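Reader: I should like to examine how the interior of this protein is assembled. Please present the structure before we begin.

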Amino acid sequence: MIIARSAADVHAAVEGPITFVPTMGALHDGHASLVRLAAQGTGPVVVSDFVNPTQFGPGEDFEAYPRDLDADAAIAEAAGADVLWAPSVEEIYPPGFATTVDPGPLAEELCGASRPGHFVGVATVVIRLFGLMQPVRAIFGRKDYQQLVLLQRVTRDLALGIDVVGAPTIREHDGLAMSSRNRYLSPEERALAAVVPNALRNVAASYANGERRPDALLDVPLDALELEYLTVRAADLSPYDPDRPAVVLIAGRIGGTRLIDNLELDPIAPASAGDALFAKESA
Ligand code: AMP
């Protein structure tokens, strides 16, 4: 695997249609699963490693965000990446850069409500990265469900012709979704964090039992979680419709650490959702 510092170095190193996996580094097994999925296709796999300053709000963890290029390179290479692209801030935001990409009203809802400007920052950097990489396909985690839906929208609206693929959420053994931010949790907080997947599992269990009323579905214990939102929506994040595929989304804090997660609910196969949370354990 090659470590490239510039987009030109990436293009000099690879040939053929690129499958692209954008990340902010601090790679874990969730990222590795995206790279493994990318490597199943033909053509080179390029993983970007860039902590994007514009998607962090004032008082958020931009400075503290974990950075370790050597560890990232080892994980990306083992998962099958051909290139790890670690661009400079100057390459992504050259002098005079002035454009922003606004993905519309959904960017203000859910995570966008507590993180103003976050999804404009995400959409802008991802379109810029797409422009520099010119991939045919890009892989994102379903863990960041709203991000995935918004990026699919932007890619479609701007007719970029890039296939934006959502990959399954990879979890720890107690169901907690892997996240670079989990390392901020103290051992006590880490134990308490299981409340997040447990809440989703409880919603899925009640959905599997035929419950379709949103208030009843969302009536689950939240213990130590300082809840930001727990809501159920249609799978495309439009308002919930009991007869259509849905998704339950949760965000909250344990101590100072913000955690998000979600689980898709399928009215045709309602029992399958909760199982996915603990797939690793049963495997
Ligand atoms: P990040 O570095 O946190 O910006 O994430 C980079 C990509 O990895 C995004 O597409 C995330 O949705 C995805 N990702 C992060 N955590 C997980 C996980 N636990 N399982 C699957 N994908 C993930």
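Reader: Which elements are included in what covers the buried residues of α3?

Author: This is a predicted model. In helix α3 (residues 69-79), the buried residues are Asp 72, Ala 73, Ala 76 and Ala 79. What covers them includes β1 (2-4), α2 (29-39), β3 (45-49) and β4.

Reader: Why do the buried residues of α3 lie on the same side of the helix?

Author: An α-helix has 3.6 residues a turn, so residues three or four places apart point the same way. The face of α3 turned away from its buried side carries Asp 70 and Ala 78, which are exposed. Asp 72, Ala 73, Ala 76 and Ala 79 are the buried ones. They are on the same side of α3 because they cover an arc of only 135 degrees around the axis.

Reader: Which residue follows α3, and what is the sign of its phi?

Author: Helix α3 spans residues 69-79. The residue after it is Gly 80, and its phi, near 110 degrees, is positive.

Reader: Which element gives the largest share of the largest nonpolar core?

Author: This core has 43 residues, among which Phe 20, Trp 85 and Phe 130 touch the most other members. Elements giving two or more residues to it include β4 (83-85), α6 (118-133) and β8 (246-254). The largest share, 10 residues, comes from α6.

Reader: Where does this core lie with respect to domain 1 and domain 2?

Author: Domain 1 covers 2-167 and domain 2 covers 180-276. Both give residues to the core, so its place is between them.

Technical notes: Residues numbered from 1 in each chain as written. Predicted model: local features only at pLDDT ≥ 70, side-chain atom pairs only at ≥ 80, totals over all residues. Heavy atoms only, no water. Core = buried A, V, L, I, M, F, W, Y, C linked by side-chain atoms within 4.5 Å. Buried < 20%, exposed > 50% of the residue type's maximum accessible area, 1.4 Å probe, protein only. Helix = DSSP H or I, 4+ residues; strand = E, 2+ residues; numbered from the N terminus. Domains from an automatic or database assignment. Arc of directions from axis to C-beta. Contact = heavy atoms within 4.5 Å.
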